[in-house]
Amino acid sequence: MDYINWLQKETSLLSVDDKTIEIYSLNCDLSNDAIMSEWATHFRNQYCDDAEIDFLKPKHQSRKDYLNQIKFPDPSHAPGPSIRTGDFGEIVISDFLEFLENYWVPRTRYNRKTIKDESEKGSDVLAFKFTSPTAFSANDQLCIFEVKAGYSNTRDKYDRLQDAVNGSQKDEKRKAESLNAIKQRFIDLRQFNEANKIERFQDPEDNPYIQEYGAAALFDENNFLPTRIISVDCTEHSNNDILRLIVISVKEMKTLINTLYKRAADEA
């Protein structure tokens, strides 16, 4: 995905408990038709594979209307806009882990949503690495991220990273259910090899692996306040020693999100 080149590492900060916070910027050129079209296609396929849309939509409904009316969160009526923003943040972190850090990130979270203006339950992003394609290894990796995103300038939105840290606390309990949900969707799709890959991580006692947790926050660049970000405190997190912190400052975040959804529908 060419758009990922717009995501650049800027610096690192330290939280109040001396944990490293990785700071990135996402500065997109909305006038670059080729990259934006590729991104919109990728974005659309998170919700509905292009190969399936004609089977899913009513016969006389256009693809555009099907996506806007059935699949994509509403752009203006609550809670649609906040669901859009949350989904956007989770997809960007999924792409970050897949395209920049070479994780395998199953894309099953949105394409079976039944209510467009609700968030899916479970952990936000699960990403995997395998040492060998044929055997289990204690060096295989599972990374689980809690993601918060917002472009509002209200004060509470500045605590998005702390919200993500607090939410990540629940991921240890949600892990089994989240793994099962991904595996179940792969079985529904008759993708049994992928289901078996997930099963490898369902038995850590007999087949141990490396575990990492993550908390990520995405802000509009105009609301990016380093002084608030460094106030995050992870001391209460039960997996503090394996917790990774990421912040992404996004240029024109609201415009970017709505442009992506509009283009994804228009070009279907």
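**A first walk around the chain**

Okay, let's start with one residue: Arg-190 is exposed, because its relative accessibility is 64%, over the 50% cut-off for that label. You'll find Arg-190 in the loop between α6, residues 171–188, and α7, residues 192–199. Arg-190 also has a positive phi, about 60°, even though it isn't a glycine. Why do I mention that? Because most residues other than glycine have a negative phi.

Before I go on, please keep in mind that what we're looking at is a predicted model.

So, the whole chain. How many helices and strands does it have? There are 9 helices and 6 strands. The radius of gyration comes out at 19 Å, and the globule rule gives 18 Å for 268 residues; those are close, so the chain is as compact as a globular protein of that length. If you draw a box around the C-alpha atoms along the principal axes, you get roughly 55 × 45 × 30 Å.

What about inside and outside? Of the 268 residues, 47% are buried. The chain exposes about 13,000 Å², and carbon and sulfur atoms supply 46% of that. Then there's the contact pattern: take the contacts with a separation of 6 or more, and 71% of them are between residues 24 or more positions apart.

On charge, I count 35 positive side chains and 46 negative ones, with the centres of the two sets 5 Å apart.

Now let's zoom in on Gln-211. This one sits in strand β5, which covers residues 210–220. Is Gln-211 buried or exposed? It's buried, because its relative accessibility is 14% and the label needs a value under 20%. Who are its partners? Leave out the neighbours within four places in sequence, and Gln-211 is in contact with Leu-142, Ile-144, Lys-175 and Ile-242. Two of these come with polar details. The side chain of Gln-211 reaches the backbone oxygen of Leu-142 at 3.3 Å, and a polar contact of 3.2 Å joins the side chains of Gln-211 and Lys-175.

There's another buried glutamine to look at, Gln-61, with 16% relative accessibility. Gln-61 is in a loop, the one between α2 (residues 53–56) and α3. Not counting residues up to four places away in sequence, Gln-61 touches Tyr-66 and Gln-69. With Gln-69 there's a polar contact, side chain to side chain, at 3.0 Å.

Let's follow α3 along. After it, in the loop between α3 (63–71) and α4 (80–100), we get to Pro-79. Have a look at the bond between Ala-78 and Pro-79: that peptide bond is cis, with omega at about 5°. I'm pointing it out because most peptide bonds are trans.

On the other side of α4, there's Asn-102, in the loop between α4 and β3 (125–129). Asn-102 has a positive phi too, about 65°, and it's not a glycine. Asn-102 is exposed, at 62% relative accessible area.

Next stop, the loop between β2 (20–26) and α1 (33–47), where we find Ser-31. Ser-31 is exposed, with a relative accessible area of 58%. Which side chain does Ser-31 make a polar contact with? That would be the side chain of Asp-29, at 2.5 Å. For a sense of distance, Ser-31 and Gly-150 are 119 residues apart along the chain, and their C-alpha atoms are separated by 23 Å.

Asn-32 is in the loop between β2 and α1 as well. Asn-32 is partly exposed, at 25% relative accessible area. From Asn-32 to Tyr-3 is 29 residues in sequence and 9.9 Å in space, C-alpha to C-alpha.

Last one: Pro-226, in helix α8, residues 226–229. Pro-226 counts as partly exposed, with 36% relative accessibility. Try finding Ile-23 from there. Pro-226 and Ile-23 are 203 residues apart in sequence, and C-alpha to C-alpha they're 9.6 Å apart in space.

To recap the spots to click on: the cis bond between Ala-78 and Pro-79, the positive phi at Asn-102, the positive phi at Arg-190, and the polar contact between Gln-211 and Lys-175.

Conventions: Residues are numbered from 1 along each chain as its sequence is written. This is a predicted model: local features need pLDDT of at least 70, side-chain atom pairs count only at pLDDT 80 or more; totals for chains, interfaces and linings use all residues. Side-chain values use heavy atoms; hydrogens and water are left out. Helices (H or I, at least four residues) and strands (E, at least two) are DSSP runs, numbered from the N terminus. The radius of gyration is taken over C-alpha atoms; the globule rule is 2.2 Å times the number of residues to the power 0.38. Buried means under 20% relative accessible area, exposed over 50%, partly exposed in between (1.4 Å probe, protein chains only). Contact means heavy atoms within 4.5 Å. Accessible areas come from the Shrake-Rupley method with a 1.4 Å probe; for residues, only the protein chains shown count as cover. Lys and Arg count as positive and Asp and Glu as negative; His and the chain ends are not counted. The place of a charge is taken as NZ of Lys, CZ of Arg, CG of Asp or CD of Glu. A polar contact is a pair of N or O atoms within 3.5 Å; within protein, one must be able to donate a hydrogen and the other to accept it, and residues adjacent in sequence count only if both atoms are side-chain atoms.
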